[in-house]
Amino acid sequence: MTVESAVGIRTVNHWIGGKLAPSRSGRSGVVYNPATGEAAASVDFASAAEVDEAVAVAVEAFAAWRASALSRRAECMFKLRDLVDQNRRRIAELATLEHGKTVADALGEVGRGLENLEFACGIPNLLKGGYSEQASRGVDVYQIRQPLGVVAGITPFNFPAMVPLWMFPNAIACGNAFILKPSEKDPSVSLLLADLVRQAGVPDGVFNVVQGDKVAVDRLLEHPDVKAVSFVGSTPVARAIYERATRNSKRVQALGGAKNHMLVLPDADLEMAADAAVSAAFGSAGERCMAISVVLAVGAVADPLIEAIRERMSRIRVGPGMEEGNEMGPLITREHRDRVASFLEAAPREGAEVVVDGREAPAAKHSGFFLGASLLDNVKPGMRCYEEEIFGPVLGVVRVNSYADALRLINDNPYGNGTAIFTRDGGAARRFQFDVEVGMVGVNVPVPVPVSYYSFGGWKASLFGDLHMYGPEGVQFYTRAKLVTSRWPDPGTSKVDLGFPQVR
Ligand code: NAD
């Protein structure tokens with residue numbers, strides 16, 4: 001489907017200054033319905049000049065917004081929280097239409113996004129600083145946290161609701177103005193969220209959306225009035241964005257890709273481990289940055305675990321995400337489906353065994369971008385299916401002899417987003433938590449996405465920047481500290497003193 005042949009279908013515009021803003025750039029892209037393979041919409045691609053317009057509107061709105069009372073900002077967050085709650089299903093169905101995930105899964109993503117709004121409702125408390133009375137005689141010292149100005153968020157296709165909600169509630173509650181650049185693959189949810197932000201009473205211009213591709217992103221990274229950039233996406237793009245934005249003196253948190261290992265020790269509850277591996281590998285068709293893509297099976301646990309996983313996989317219902325009862329939807333695009341399938345093609349040549357081949361699943365014959373759940377055994381380092389992030393429904397099993405061998409593999413991996421250990425041994429779990437070089441660790445929990453009052457972030461090539469996303473570190477990211485040292489006139493103590501100020 002070309003852009004031209006998509007003309008006549010719905011167009012996804014920008015949202016600037018509290019209203020829809022059709023693009024004048026003349027550039028656009030096609031948004032597909034992955035369940036049918038048909039075009040669902042056309043999305044505007046912003047020009048650099050349109051990004052500049054959005055930034056100018058945000059700069060203007062920021063001046064009044066940063067001066068608004070904390071209680072007013074909290075009130076907006078409470079209202080937005082209720083509006084998102086009331087519109088859960090609408091948001092989820094729109095995400096399903098353009099992303100393909102099941103509605104149940106999309107409802108889960110909205111729920112996790114809501115947690116971030118609930119966290120931001122506490123903004124008056126979160127922005128409280130410290131105060132030291134009498135730091136010196138007659139001198140008080142206190143710290144305040146102030147917003148940065150206009151901040152930008154660039155988000156991936158796989159969580160069109162949740163990842164923007166990781167960013168903008170804290171950003172605007174802290175008093176910033178926000179520009180969202182959503183994924184061009186599933187952009188419509190951003191406009192629904194924008195309308196809810198408006199209904200919640202957030203002033204026009206505080207929250208804006210520019211649709212588009214690299215052109216829009218590049219301008220956001222260059223614009224002198226954009227003070228900070230939050231990015232979530234693949235590692236090569238995250239690294240490039242981090243380097244470019246820091247070169248331009250911006251604050252950056254750039255979350256990248258992943259290759260998450262699940263370690264199963266011989267004493268693990270086998271049924272629990274198999275349930276967890278299947279849920280975490282094939283939920284959202286493996287298109288989650290916290291998906292499990294490798295199981296490290298220690299010793300004799302491998303054969304029974306593979307059998308238990310295979311048995312569960314045979315029962316996964318694959319089909320359109322809109323149809324009740326389906327558990328796994330299609331992949332995001334035809335190109336991505338073909339890329340994921342190419343790992344199944346290459347695996348036997350590299351010495352791995354294809355235990356379950358998703359290309360043979362009935363759904364894979366549909367016109368949508370489907371691929372069935374797939375399982376590879378005897379995966380080894382050096383194979384393409386081990387080295388690369390697949391981001392699809394392909395689970396690889398690596399057989400290892402010991403905990404030490406498994407740990408070495410995890411720690412040698414360039415990514416460090418999530419990992420999990422399955423065991424009944426508290427000592428082994430505690431040792432793993434101490435040893436493993438990964439940012440988010442699950443103990444008998446396969447997808448350890450932190451709750452909103454902690455912060456989300458991987459290590460190594462899974463995050464570029466110092467601060468993790470959302471939660472307390474999100475508030476820190478979207479504010480800068482100002483230290484005030486104050487003395488009030490007291491005629492009794494005032495005198496000229498040219499010495500360096502000391503604490504007395
Ligand atoms: P992507 O990197 O292709 O795109 C992410 C965003 O960057 C999109 O808005 C896109 O328009 C923009 N973009 C793409 N190429 C660009 C370029 N060359 N220059 C500037 N901007 C560009 O990622 P995706 O395919 O949308 O999402 C999947 C990836 O995101 C996976 O690698 C996944 O692991 C990762 N991800 C990571 C996390 C995390 O928290 N670490 C969460 C979700 C997804």
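**Ligand site in a predicted model**

Student: In this predicted model, which pocket does the ligand sit in?
Tutor: The model is a prediction. Among its pockets, the ligand occupies the largest.

Student: Which elements give two or more residues to the shell around the ligand?
Tutor: Two or more residues is the bar here. The elements that reach it are helix H8 (214-222) and strand E11 (226-232).

Student: Why does the ligand lie between two domains?
Tutor: Look at who supplies the shell. Both domains give residues to it, so the ligand lies between domain 1 (3-256 + 462-483) and domain 2 (260-443).

Student: How many residues of the shell are charged?
Tutor: Sort the shell by class. Nonpolar residues number 14 and polar ones 8. The charged count is 4.

Student: Which residue has a side-chain N or O atom 2.6 Å from an oxygen atom of the ligand?
Tutor: Ser234 also offers a side-chain N or O atom to a ligand oxygen, but at 2.7 Å. Gly256 uses a polar backbone atom, 2.7 Å from a ligand nitrogen. The 2.6 Å contact belongs to the side chain of Glu389.

Student: How much of the ligand's accessible area does the protein cover?
Tutor: On its own, the ligand has 840 Å² of accessible area. The protein covers 87%.

Conventions:
Residues are numbered from 1 along each chain as its sequence is written. This is a predicted model: local features need pLDDT of at least 70, side-chain atom pairs count only at pLDDT 80 or more; totals for chains, interfaces and linings use all residues. Side-chain values use heavy atoms; hydrogens and water are left out. A polar contact is a pair of N or O atoms within 3.5 Å; within protein, one must be able to donate a hydrogen and the other to accept it, and residues adjacent in sequence count only if both atoms are side-chain atoms. Accessible areas come from the Shrake-Rupley method with a 1.4 Å probe; for residues, only the protein chains shown count as cover. On a 1 Å grid over the protein atoms alone, a cavity is a set of points where a 1.4 Å probe fits but cannot get out, and a pocket is an open set with protein on both sides within 12 Å along at least five of seven lines; lining residues have an atom within 4 Å of a point. A molecule sits in a cavity or pocket if more than half of its atoms lie within 2 Å of its grid points. Helices (H or I, at least four residues) and strands (E, at least two) are DSSP runs, numbered from the N terminus. Ala, Val, Leu, Ile, Met, Phe, Trp, Tyr, Cys and Pro count as nonpolar, Asp, Glu, Lys and Arg as charged, and the others, Gly among them, as polar. Domain bounds come from an automatic or database domain assignment.
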